[in-house]
Amino acid sequence: MLTIYNTLTRKKEKFQPIDAGKVRMYVCGLTTYDYAHIGHARMLVAFDVIQRYLRYSGLDVEYVRNITDIDDKILKRASENGEYFADLTERFIAATHEDEASLFIQRPDQEPRATAHIADIVAMIERLVEQDYAYRAENGDVYFSVKQFKNYGHLSNKNVEELLAGARIDIGELKRDPRDFALWKSASDEDVGWDSPWGYGRPGWHIECSAMSTCCLGDTFDIHGGGSDLMFPHHENEIAQSEAATGQSFARYWMHNGSVRVDNEKMSKSLGNFFTIRDVLKKYPAEVIRYLLVSSHYRSPINYSDQGLDQAAAALGRLYTALRDHDVTSAKDLANSRFEKAFQAAMDDDFNTPEAMSALFDLARECNRVAKSGEADAEQRAAQLARLLVRLGGVLGLLQGDAETFLQSGSADAGIDADAIDALVAQRRQARADKNWALADEIRDKLTAMDVVVEDGADGSRWRIERHGSDK
């Protein structure tokens, strides 16, 4: 029975979708004015795993993740670059899709863009104005009136009066109340904008997600997700304007992923510890990065470091070693095993990926044990266990590559020629055949110095790159 920690109620709840067997999920995506960074990767991977497990569980999922393609930051960056804002966003949308594919992140079922929903945004603002939840200022800006919405602050657990004490009205704003937020921003004829009942302008950031989510999934849907940094004010404002406009509950379950820290410090450009996904991919294989992001519970903060990535590489190496030499494509699928039940129990507990990973390591150890047991059907049983490992790993977006390729990857990055390693291994094999043990040991020592591990077996010798670190 799947339980989800609901940020709205601050407790784990049994997951009961509105429509039996179907899940409608919306996740706040990226504002496309720059390359995606490792914090974005945390969110993208976390909800990719969630939607994968929901589908694995037999649920029909409609996964929507938006693109913010009109925003103050976008316009500022486009102006600095001297380019049209849409050219800027198209470039970074394409780059984001490339980064997502590199990290094995599946595309959502729908990926709405704010600029394609201007009419829907205007219609929602009109309803809010008609129902006195919003008002037009003298300069053409339209604001949501926070005091009109009685449950404001419930998601983020903030007191409305305390918010008033800390709020301010910036220069140029004509709010009635410092807590109010913009639904529509007036613009000059030279600026980017659209016509509306309140004059030429463009939407505020918060209203974009309310319009896109309800247009794609209906007034009420099952899951709304995003980074913990969006809880206030973005998600709080989404709830207020959406429920005020529709008169319906907005999202039933709110999910927020934890932040990313770099060497135990907050990631910041000013601290020089800000890394784009592309920066990290230059140093580490994509699957290693994904493993690091999956190995912590989605709600927990995660510490990004080279040491953590080295440990992730070592852990993945252990899992791939269990898959080596097994033909998983022709093996019979192993269903209802204790390993799969342990995996499911972990994931049903609010998508507890660290415990799910433990089940995978138990499965890998059993696969290794059976393969070495010498029993008559050992290889057949080991292949079945390996197939299960691949299948369950796929729910986390892992272990879908070739084992030999992964285990020998990294040699080029270390300046090692794989062909040269093959030649040394062949020389050592011949030395062993000639009983020249001194030469065989000399070659092994040379390979060890290159972080190459040679494994001798009945079928000969093979090698892999030694990845330093520990899995558990």
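Helices and strands here are DSSP runs, numbered from the N terminus; a helix has at least four residues and a strand at least two. The notes below concern a predicted model.

1. **Overall make-up.** On that basis the chain comes to 16 helices and 15 strands. The chain has 472 residues, and 49% of them count as buried. Its C-alpha trace spans about 95 × 50 × 35 Å along the principal axes. Take the contacts with a separation of 6 or more: 74% of them join residues 24 or more positions apart.

2. **Largest nonpolar core.** This core has 80 residues. Phe 343 and Phe 351 touch the most other members. Helix 1, residues 38–56, supplies the largest share, with eleven residues. Apart from this core lies another, of 45 residues. Ile 207, Ala 211, Met 212 and Ala 240 are among the members of that other core. As a general point, nonpolar side chains tend to be buried together in soluble globular proteins.

3. **Phe 351.** Set aside residues up to four places away in sequence. Phe 351 then touches Leu 2 and Ile 4, as well as Ile 50, Tyr 53 and Leu 54. Its other contacts are Met 255, His 297, Tyr 298 and Ala 346. Phe 351 also appears in the lining of the largest cavity.

4. **Cavities.** There are two cavities of 30 Å³ or more. The largest has a volume of about 90 Å³. Which residues line the largest cavity? They are Arg 42, Val 45, Ala 46, Val 49, Ile 50, Leu 293, Val 294, Ser 296, Tyr 298, Phe 351 and Thr 353. Helix 1 gives the most to this lining, with five residues. Helix 1 and helix 9 (286–294) each supply at least two.

5. **Helix 4: length and sides.** Helix 4 covers residues 118–130, 13 in number. It reaches 18 Å from first C-alpha to last, close to the 18 Å expected at 1.5 Å a residue. Its buried residues are Ile 118, Ile 121, Val 122, Met 124, Ile 125 and Leu 128. These lie on the same side of helix 4, because they cover an arc of only 165° around the axis. An α-helix has 3.6 residues a turn, so residues three or four places apart point the same way. On the other side of helix 4, Ala 119 and Glu 130 are exposed.

6. **Helix 4: surroundings.** What covers the buried residues of helix 4? The cover includes four strands: strand 5 (134–136), strand 6 (142–144), strand 7 (181–186) and strand 8 (201–203). Helix 6 (205–217) and helix 7 (231–246) also take part. Just after helix 4 comes Asp 132, with a positive phi of about 65°.

7. **Helix 7.** Helix 7 has 16 residues. Its reach is 21 Å from first C-alpha to last, close to the 22 Å expected at 1.5 Å a residue. Helix 7 is mostly covered, with 13 of its 16 residues buried. Pro 233 is found in this helix. A cis peptide bond joins Phe 232 and Pro 233, with omega about 5°. Gly 247 follows helix 7 and has a positive phi, near 75°.

8. **Asn 157.** Asn 157 is not a glycine, yet its phi is positive, about 60°. Where does Asn 157 lie? It sits in the loop between strand 6 and helix 5 (160–166). Is Asn 157 buried or exposed? Its relative accessible area is 60%, so it is exposed; the cut-off for exposed is over 50%.

9. **Asn 336.** Asn 336 also has a positive phi of about 60° although it is not a glycine. It is found in the loop between helix 10 (306–323) and helix 11 (338–348). Asn 336 counts as exposed, because its relative accessibility is 62%.

10. **Arg 261.** Arg 261 has its place in strand 11, residues 260–262. It counts as partly exposed, at 33% relative accessibility. Leaving aside neighbours within four places in sequence, Arg 261 is in contact with Lys 266, Ile 302, Asn 303 and Tyr 304. Arg 261 and Ser 300 are 39 residues apart in sequence. In space they are 11 Å apart, C-alpha to C-alpha.

Notes. Residues numbered from 1 in each chain as written. Predicted model: local features only at pLDDT ≥ 70, side-chain atom pairs only at ≥ 80, totals over all residues. Heavy atoms only, no water. Expected span 1.5 Å × (residues − 1). Buried < 20%, exposed > 50% of the residue type's maximum accessible area, 1.4 Å probe, protein only. Arc of directions from axis to C-beta. Contact = heavy atoms within 4.5 Å. Core = buried A, V, L, I, M, F, W, Y, C linked by side-chain atoms within 4.5 Å. 1 Å grid on protein atoms, 1.4 Å probe; cavity = no way out; pocket = protein on both sides within 12 Å on 5 of 7 lines; lining within 4 Å. Points joined across faces, edges and corners; volume = space filled by probe spheres on them.
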